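Could you walk me through this structure, starting from one residue in a loop and working outwards to the rest? A friendly tour in plain paragraphs would be welcome.

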Amino acid sequence: MLPFNVLFDTDRLYDQDRSDIIWEAEHFAAFAKEASVEVQEAVDLAAATGLRRGDLVRLPWSAIGEHAIVWHTGKSRGRTLVTVPILPETKAIFARIKARHAVEMAAKRKDKRKPLPDTVLSNSYWRPWTAMGLGSRFRDARDAAGITVHLHDLRGTFATRCMIAGLTDQEIADILGWSTKDVAKIRAKYVSQHRVVVEIGKRIAAVKSAAV
């Protein structure tokens, strides 16, 4: 044990701000070709909840409510409260996992069947992931897909989905523990621009229809 931190007050040599990076459609498509179904479920759940890797692997079914995930994590002696609204795509992921488990267990002999694990995410043996195990399998699939986005960047993707669902910057910032400035950067870069282009396309289509 060192008596003090020898790096205290040392300037950082590397610092990267990824707060405005998200996964886009081409990233999901490339990743899906290389990932196992269990790793794909983890990516989909991260994009639908904004949860960090450590919370993703520990998320229990008991935390899933009708409209929100409400969960006291193991951090800070159980005092850290996670509250995340459940989007339509989140419900679809939960249903997909349960359906896959039911199909796989039905195909096994009765003595080989396992109950649905307490955690939402599971590895190929229907056992809870470790954060290190999920991280390793994720990196293997990402590298094979030839993309450079991180698992953590899915928090930004979740932010865009919340924006489209109608949440304010302050509400999203409260959920993710971000500043409203970080949320506004994502809105300006991805969501607001997307809506402008869509509206332009609608007006062009309307003009052509009127001309016909």
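Let's begin at tryptophan 126, which sits in the loop between α4 (88–106) and α5 (131–145). Please keep in mind that this is a predicted model. The backbone here deserves a look: phi of tryptophan 126 is near 55°, a positive value in a residue other than glycine. As background, most residues other than glycine have a negative phi. What is the relative accessible area of tryptophan 126? The value is 7%, and because the cut-off for buried is under 20%, this loop residue counts as buried.

Now step back to the whole chain. The protein holds 8 helices and 2 strands, and their order from the N terminus is α-α-α-β-β-α-α-α-α-α. Of its 212 residues, 39% count as buried. If you take the contacts between residues at least 6 apart in sequence, 59% of them join residues at least 24 apart.

Among the helices, α2 is a good one to visit. Helix α2 covers residues 37–49, which makes 13 residues, and spans 18 Å from its first C-alpha to its last, close to the 18 Å expected at 1.5 Å a residue. Is α2 largely enclosed or not enclosed by the rest of the structure? It is largely enclosed, because 12 of its 13 residues are buried. Among these buried residues are Glu38, Glu41 and Asp44, as well as Val39, Val43 and Leu45. In general, an α-helix has 3.6 residues a turn, so residues three or four places apart point the same way.

Glutamine 40 gives a closer view of this helix, since it is found in α2. Its relative accessible area is 14%, so glutamine 40 is buried. Which residues does glutamine 40 touch, once its neighbours within four places in sequence are left aside? They are Phe31, Ala32 and Ala35. Just after α2 comes glycine 50, where phi is positive again, at about 75°.

From there, move on to the two strands. Strand β1 (residues 68–72) pairs with β2 in the antiparallel sense over 5 bridges. Side chains alternate along β1: Ile69 and Trp71 point to one face and are buried, whereas Ala68, Val70 and His72 point to the other and are not. Strand β2 (residues 81–85) likewise has two faces, with Val82 and Val84 on the covered one and Leu81, Thr83 and Pro85 on the uncovered one. The bridges tie these patterns together. Tryptophan 71 has valine 82 as its bridge partner in β2, while isoleucine 69 has valine 84. In both of these pairs, then, a buried residue of β1 is matched with a residue from the covered face of β2.

Strand β2 also leads us to our last stop, the second largest pocket. As a general point, rolling a probe the size of a water molecule over the atoms shows where empty space is left. This pocket has a volume of about 210 Å³. Its lining is made up of 15 residues, and Leu51, Arg52, Asp55, Val82 and Ile175 lie nearest its centre. The elements that give two or more residues to this lining are β2 and α7 (169–176). Which element gives the most to the lining of the second largest pocket? That is β2, with 4 residues. By type, the lining divides into 6 nonpolar, 5 polar and 4 charged residues. Val82 thus closes our tour: this residue of the covered face of β2 is also among those nearest the centre of the second largest pocket.

Note on methods
Residues are numbered from 1 along each chain as its sequence is written. This is a predicted model: local features need pLDDT of at least 70, side-chain atom pairs count only at pLDDT 80 or more; totals for chains, interfaces and linings use all residues. Side-chain values use heavy atoms; hydrogens and water are left out. The expected span of a helix is 1.5 Å times one less than its number of residues. Buried means under 20% relative accessible area, exposed over 50%, partly exposed in between (1.4 Å probe, protein chains only). Two strands pair if DSSP finds at least two bridges between them. On a 1 Å grid over the protein atoms alone, a cavity is a set of points where a 1.4 Å probe fits but cannot get out, and a pocket is an open set with protein on both sides within 12 Å along at least five of seven lines; lining residues have an atom within 4 Å of a point. Grid points are joined across faces, edges and corners, and a volume is the space filled by probe spheres set on the points. Ala, Val, Leu, Ile, Met, Phe, Trp, Tyr, Cys and Pro count as nonpolar, Asp, Glu, Lys and Arg as charged, and the others, Gly among them, as polar. Contact means heavy atoms within 4.5 Å.
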